[in-house]
Each structure stands twice: as C-alpha cells, then as structure tokens.
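Got the viewer open and the cartoon showing? Let's take a walk through this model, one selection at a time.

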Amino acid sequence: MDIFAERLKSLRKEKRFTSKEVAEYLGIGQRAYLYYESAVHYPDVPGLMKLADLFEVSTDYLLGRSEERL
C-alpha cells in the first residue's frame with residue numbers, strides 16, 4: 001500500500017469517519033473511495049483538495065511529500 005492510501009485510511013479512522021461518509025462528502029460512491037484507500041485509484045485534483053480540507057492536512061502530507069500535516 002502506498003503512502004497516500006495509508007495516510008488516507010489513518011486520517012479517516014483518526015477522525016472517526018466511515019468510508020461512506022467520506023465518499024458522500026466527495027460526491028463519489030463508497031467503492032470508488034475504497035479504491036483510494038487500497039491504492040487502486042487516486043482522486044482528481046479537486047478531490048485531493050477536498051480530502052485535505054476534510055482532514056485538515058496539506059495535500060503534500062496526503063501525497064507523502066511532507067511529514068508535517070499543515
């Protein structure tokens with residue numbers, strides 16, 4: 001599993017969101033979201049930005065380009 005998928009799943013659990021809740025926030029199906037957490041697919045840029053906003057982290061943190069959350 002790549003770092004994006006690991007961080008995404010970890011942040012979701014930390015915030016106590018279900019995968020269905022995150023999928024609804026993004027406006028996608030639950031299965032599509034679960035593909036993000038399993039590193040099968042990745043969000044588009046607007047989706048990545050929404051995830052960063054939801055989890056209150058930077059896009060660089062989500063992508064593994066930084067260890068600092070903000």
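Select Glu56 to begin: you'll find it in the loop between H4 and H5. This is a predicted model, so read every value here as computed. Glu56 counts as exposed because its relative accessible area is 53%, and exposed means over 50%. Now check the backbone: Glu56 has a positive phi of about 55 degrees, although it is not a glycine. Most residues other than glycine have a negative phi.

Where is the other stop of this kind? Jump to Arg16, in the loop between H1 and H2. Arg16 is not a glycine, yet its phi is positive, at about 60 degrees. With a relative accessibility of 76%, Arg16 counts as exposed.

**Into H5**

Next, pick Thr59, which lies in helix H5. Is Thr59 buried, exposed or partly exposed? Its relative accessible area is 27%, so Thr59 is partly exposed. Setting aside residues up to four places away in sequence, Thr59 touches Leu48, Met49 and Ala52. Draw a distance from the C-alpha of Thr59 to that of Leu48: the viewer should give 6.8 Å, for two residues 11 apart along the chain.

Stay in this area and select Leu62. Not counting neighbours within four places in sequence, Leu62 is in contact with Ile3, Phe4, Arg7, Leu11, Leu48, Leu51, Ala52 and Val57. Show those side chains as sticks and leave them on for the next stop.

**The nonpolar core**

Leu62 also belongs to the largest nonpolar core, which has 16 residues. Which members touch the most others? Select Phe4, Leu8, Val22, Tyr33, Leu51, Phe55 and Leu62, and you have them. Colour by helix and you'll see that H1 (3–14), H2, H3 (30–37), H4 and H5 (59–63) each supply at least two residues of this core. H4 gives the most, with 5 residues.

**Two arginines in H1**

Now for a pair of charged side chains. Arg7 is in helix H1. Is Arg7 buried or exposed? Arg7 is buried, since its relative accessible area is 9% and the cut-off for buried is under 20%. Its contacts, leaving out residues up to four places away in sequence, are Tyr61, Leu62, Gly64, Ser66 and Glu67. Try a C-alpha to C-alpha distance from Arg7 to Gly64: they sit 8.2 Å apart in space and 57 residues apart in sequence.

Move along to Arg12, also placed in helix H1. Arg12 has a relative accessible area of 10%, so Arg12 is buried. What does Arg12 touch beyond its neighbours within four places in sequence? Look for Phe17, Thr18, Ser19, Val22, Tyr33, Glu37 and Phe55.

**How the helices cross**

Hide everything but H1 and H3. Their axes come within 7 Å and cross at roughly 120 degrees, and H1 and H3 are therefore oblique to each other. Arg12 turns up again here: on the H1 side you have Phe4, Ala5, Leu8, Lys9 and Arg12, meeting Tyr33, Tyr36 and Glu37 in H3. By class, the residues of this contact are 5 nonpolar, no polar and 3 charged.

Swap H1 for H2. The axes of H2 and H3 come within 8 Å and cross at roughly 105 degrees, which makes H2 roughly perpendicular to H3. To see the contact, select Ser19, Lys20, Val22, Ala23 and Leu26 of H2, together with Gln30, Tyr33, Leu34 and Tyr36 of H3. That contact breaks down into 6 nonpolar, 2 polar and 1 charged residues.

For the last stop, keep H2 (residues 19–26) and bring in H4 (residues 45–55): these two pack at an angle of about 125 degrees, with their axes 10 Å apart. That makes H2 oblique to H4, and the crossing is right-handed. Which side chains should you show? In H2 pick Val22, Tyr25 and Leu26; in H4 they meet Gly47, Lys50, Leu51, Asp53, Leu54 and Phe55. The residues of this contact divide into 6 nonpolar, 1 polar and 2 charged. Val22, Leu51 and Phe55 may look familiar: they are among the core residues that touch the most other members.

Notes. Residues numbered from 1 in each chain as written. Predicted model: local features only at pLDDT ≥ 70, side-chain atom pairs only at ≥ 80, totals over all residues. Heavy atoms only, no water. Axes fitted to C-alpha atoms, helices over the stretch in contact; angles between N-to-C directions. Helix = DSSP H or I, 4+ residues; strand = E, 2+ residues; numbered from the N terminus. Parallel < 35°, antiparallel > 145°, perpendicular 65-115°, else oblique. Left-handed = near helix turned anticlockwise from the far one by under 90°. Contact = heavy atoms within 4.5 Å. Nonpolar A, V, L, I, M, F, W, Y, C, P; charged D, E, K, R; others polar. Core = buried A, V, L, I, M, F, W, Y, C linked by side-chain atoms within 4.5 Å. Buried < 20%, exposed > 50% of the residue type's maximum accessible area, 1.4 Å probe, protein only.
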